[in-house]
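Colleague: I am new to this structure, and I would love a close look at one part, the place where the ligand sits. Could you walk me through it?

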Amino acid sequence: MSHGTGTDGVAPLRPNVVLTGFMATGKSTVGRVLAARLRYGFVDTDRIIEERHGPIPVIFAERGEAAFRALERALAEELAGLSSLVISTGGGMLLDPTVADVLSATGTVVCLTAEPEVILRRVGGARAGERRPLLAGGDPRARITELLAERAEAYRRFPQVATDGRPPTEIAIEIESLVRDGSAD
Ligand code: S3P
């Protein structure tokens, strides 16, 4: 009996595709499109954490960033046991080398990028901090520049896909070919 499986009836291993990158680089939007194209499941780590623990700004305010990072680490361990998924991660999740190793071992990691001005517009300009605690309480433009500089080296460890001015489907197709021809490994 075959359910679209390999010739010996055993389902072929379908490694995950993990999307990282700065806030508002389109990880969730592109991830959903990519999952539909690959016929993979889709998970968004921020949404899972919010379903289980409440809104991210509240987690940061009441328990602190370190507690949020611990939730991300625990979730990475949990997701590491699954395959055939597109996993869109929070922008800081793969900065943790342990998380990066754990999720890299489950498939291919790709980093989405955008110019700071585009990020600022997508996060809602001066209102950026309402949903994103790391951009709260200051000038979001300066904060974006500062965080991008701090994180540049960590993001550069992964193959980069630019998102500025590109429709999600086009970005998803580029990721698919990176994954298929193995150049993202
Ligand atoms: C964060 C990014 C956010 C969210 C949290 C921290 C970060 O996710 O996980 O606010 O450290 O870059 P998005 O990248 O989906 O905005």
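To get my bearings before that, how many helices and strands does the protein have?

Modeller: Happy to help! This is a predicted model, where local features need pLDDT of at least 70 and side-chain atom pairs count only at pLDDT 80 or more, while totals for chains, interfaces and linings use all residues. Residues are numbered from 1 along each chain as its sequence is written, and side-chain values use heavy atoms, leaving out hydrogens and water.

The protein has 8 helices and 5 strands (DSSP runs numbered from the N terminus, H or I of at least four residues for helices, E of at least two for strands). Along the sequence they follow the pattern β-α-β-α-α-α-β-α-β-α-α-β-α.

Now to the ligand. Around it are 14 residues, and Lys27, Asp46, Arg69, Gly91 and Arg151 are the closest (a residue is near if one of its heavy atoms lies within 4 Å). This shell divides into 5 nonpolar, 3 polar and 6 charged residues (Asp, Glu, Lys and Arg count as charged; Ala, Val, Leu, Ile, Met, Phe, Trp, Tyr, Cys and Pro as nonpolar; the others, Gly among them, as polar). Helix H4, residues 65–79, gives the most to the shell, with 3 residues.

Look next at the polar contacts (pairs of N or O atoms within 3.5 Å). A side-chain N or O atom of Arg69 is 2.7 Å from a ligand oxygen, and a polar side-chain atom of Arg151 also lies 2.7 Å from an oxygen of the ligand. From the backbone, a polar atom of Gly92 is 3.3 Å from a ligand oxygen.

Technical notes:
A polar contact is a pair of N or O atoms within 3.5 Å; within protein, one must be able to donate a hydrogen and the other to accept it, and residues adjacent in sequence count only if both atoms are side-chain atoms.
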